[in-house]
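Q: I'm new to this structure and would like a close look at one part of it. Could you take me through the loops where the backbone does something unusual, and show me how they sit in the rest of the chain?

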Amino acid sequence: MGDHPSYQNFILQSQARQYSWSGESFLSIKSFYNGAAHYRIGKRHYDIGEKDYLVLNECTHYDMEIDSRQATQSFCLFFDPAFVQKVGAAILASEEKCLDFAFPNENGVSFLERKYRQEGEVSKLLLLANQQMTWRKDDLLWQEQLFHQLLKALFFQNHRAIKEANQLSFAKAATREEIYRRLYFAKDYMDANFTAPLSLEDIAAVAQLSSNHFLRTFKQLFRTSPSQYIAHLRMQKAYQLLQDSNESISTIVYTAGYSSLSNFSWEFKKHFGLSPSDYRKKVIHRK
């Protein structure tokens, strides 16, 4: 499809409770609904659920797995390299502000590989396409337009990210971009593993930085320390479980990654002004 018969852009929409795959593919956008998928790329880990999507470049080797009690829907789009090269060149030629965010490699254009929140133009296009795919799966013109729109949205998404990378205090733009990329590798790894015991050395290794360098640059970019970020993730998980599940508080403590009930109770009261049991009673009363 596309404006040349050899283009092989394609969309994968399916459902599964258990599924695994390993290999390489085209530049792609991965999104999932009613569940989540786990991706591994070397030391990097990504959990991709309804609130996120993942961008991976051509020739990135990855392992993915779905292991869920319910059918998880995948909606993944793959961009043919010839399409990316031709259409990407036209976008870069007409949109000067995209030029500083086309990461070149031996295979052509390369984008920042990371997990993104479901917000902005890419997310809007993904959600709309997923809703319409059932009745437009044979509409080749619609699909061609979708891939054009998404590729352009990826360039602008990268352009916005360069502004974030410029917060880092390195003289060279290439250094800022590389450190930015590595810090997001580590952040996404924490997002996928925050309920497990994590050491600073392990997380820094994902970023391929020394522990001291990682600590300094992570706080510079994200305005928080790695330990504070993990504490935030655990608290948000516990908060969600207290509201939405019937699990006991002691079970929630360990599900969210806390080592003891007393530590969790102290942290929870510090954040919300109530003990976990009092908060749950308040939630039940509201219902």
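A: Happy to help: here is a look at two loop residues, followed by the chain around them.

Please keep in mind that this is a predicted model. A good place to begin is N34, which is found in the loop between β2 (27–33) and β3 (37–41). N34 is not a glycine, yet its phi is positive, at about 60 degrees. Is N34 buried, exposed or partly exposed? With a relative accessible area of 38%, N34 is partly exposed, because buried would require a value under 20% and exposed a value over 50%.

Now move along the chain to C59. This residue lies in the loop that joins β5 (52–56) to β6 (62–79). C59 also has a positive phi, near 75 degrees, and it is a residue other than glycine. Its relative accessibility is 35%, so C59 counts as partly exposed.

With those two loops in mind, let's step back to the whole chain. The strands beside N34 and C59 belong to a fold with 10 helices and nine strands. The C-alpha trace spans about 65 × 50 × 30 Å along its principal axes. A compact globule of 287 residues would have a radius of gyration near 19 Å, and the 21 Å of this chain agrees with that.

What share of the residues counts as buried? The answer is 49% of the 287 residues. Contacts also tell you how the chain comes together: among those between residues at least 6 apart in sequence, 73% join residues at least 24 apart. On the outside, the protein chain exposes about 15,000 Å², and carbon and sulfur atoms supply 50% of that area. As for charge, there are 35 positive and 31 negative side chains, with the centres of the two sets 9 Å apart.

Finally, a word on confidence, which is useful for any predicted model. The mean pLDDT of the protein chain is 89, and 91% of its residues reach 70 or more. Two stretches deserve extra care as you read the model. Over residues 1–5, pLDDT stays under 50, and the model has 11 contacts beyond four places in sequence for them. Residues 101–106 also have pLDDT under 50 throughout, with 16 such contacts in the model.

Technical notes:
Residues numbered from 1 in each chain as written. Predicted model: local features only at pLDDT ≥ 70, side-chain atom pairs only at ≥ 80, totals over all residues. Heavy atoms only, no water. Helix = DSSP H or I, 4+ residues; strand = E, 2+ residues; numbered from the N terminus. Rg over C-alpha atoms; globule rule 2.2 N^0.38 Å. Buried < 20%, exposed > 50% of the residue type's maximum accessible area, 1.4 Å probe, protein only. Contact = heavy atoms within 4.5 Å. Areas by Shrake-Rupley, 256 points an atom, 1.4 Å probe, with all protein chains shown as cover. Lys, Arg positive; Asp, Glu negative; His and termini not counted. Charge placed at Lys NZ, Arg CZ, Asp CG, Glu CD. pLDDT = per-residue confidence, 0-100.
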